[in-house]
Amino acid sequence: MDFLVKKFVKNYEQVQDSEVRTAYGMLASVVGILCNVFLFAVKILIGLIMGSIAVTADAFNNLSDAASSVISFVGVKMASKPADDEHPFGHGRMEYIAAFIVAFLVIQVGFSLFQTSIGKLRNPEDITFDLLPFLILVLSIGIKLWMASYNRRLGKRIDSKVMKATAADSLGDVITTSATAASILISNFAGVNVDGIAGLLVSVLVMWSGVSIFRDTLEPLVGEAVDPELYQQITDLVESYDGILGTHDLIVHNYGPGKSMASIHAEVPRNVDIEDSHEIIDRAEREVARKLGILLVIHMDPLAVEDEAVNRVRKEVKETLWLIDENLSFHDFRMVRGKKQINLIFDMVVPHSYSEEQRKKLTDKVALAMQHKDPRYQCVITVDQSFLAVSNDEKK
């Protein structure tokens, strides 16, 4: 892999550069086209020699992979176009749309092979075993294993969902070709014709591969939650500045691989000169852009850190929320004091699992708990949700 990258990708180490990233994508697409066309030609010949529908199905699966690589090539090329008046955020999502088309193409090929395999089950035909074509078929498994590793490593290097999906598709091809080879061996040595069954298995795996690509591509188009690692990187950078006490409401908008915009709320002391805080905010925005390649917009939230009474009540709210549900948090806390009433105004972040009715009951429960601490407390709560992705372990 490193040989091809160093040979064909100029400045290959600068993976944040859009031109370098495009070069990676085009290299992966060209390699995919050449390898899959070669595998199609070899397997279709083997399928005709042996009379195996499973091998033929696998051959057309490789042809669909080649077509997928062509579409990916076009998608990567279009995604590299700069922003214009009609598309001020660039054309990066064209890469996702290209992968979307690929998914439909793979599913269609799988369905066609499924229908053909049903016909083979109804009218089975003898398979002619030939050692040399069979060994070539086994060799193709090795090629697909290399392609899976190649695309996975490139995908990780430039953080490309399309390449990672292609790697998963290649790994699926290893399974389908292995199933095809196994059916040939069973037919030859056990005398049991399982070619139609193997064809069905291959077709189902092909369709599943298409569904997986479809799902992985749909997520960034619909809008994904912030990746926990990226969330931590941004918040750590912003909160590392003296004069920024905390952050919340981080939102990241994806406009294609390597093209993201974000906004975040930063809490600053209200007794510090606004121009000083603004200078700190500007430096934080520039550092995030330089280190992470993300255009970040920071909103300042003034915090009454010098008021001991406010700090004490803020701590009471924090303890109350934790006792009710340790997954609850809050921000934008303000306290408005009157003679007979003290308004506690804040945003409460609740898990997505809470229904609308549960949220209403939750706000009532929090308000009642705070009134038990002091009858003058009147809570004005705005229910909020986190934009952070939740891991499978956390869901459990």
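Two strands are taken to pair if DSSP finds at least two bridges between them, helices (H or I, at least four residues) and strands (E, at least two) being DSSP runs numbered from the N terminus. The structure is a predicted model, in which local features need pLDDT of at least 70 and side-chain atom pairs count only at pLDDT 80 or more, whereas totals for chains, interfaces and linings use all residues. Residues are numbered from 1 along each chain as its sequence is written, and side-chain values use heavy atoms, with hydrogens and water left out.

Strands β5 (residues 342-350) and β6 (residues 377-385) run parallel and are joined by 9 bridges, with Asp384 of β6 serving as the bridge partner of Val349. Together with helix α11 (residues 356-373), β5 and β6 make a right-handed β-α-β unit; right-handed here means that, with the strands pointing away from the viewer, the path from the first strand over the helix to the second runs clockwise.

Helix α10 (residues 308-324) presents two sides: Val310, Val313, Arg314, Glu316, Val317, Thr320 and Leu321 are buried (under 20% relative accessible area, 1.4 Å probe, protein chains only). These buried residues lie on the same side of α10 because they cover an arc of only 155° around the axis, taken from the directions from the helix axis to the C-beta atoms. On the other side of α10, Glu308, Lys315, Lys318, Trp322 and Leu323 are exposed (over 50%). The buried residues of α10 pack against β3 (294-303), β4 (329-337), β5, α11 and β6, contact being defined by heavy atoms within 4.5 Å.
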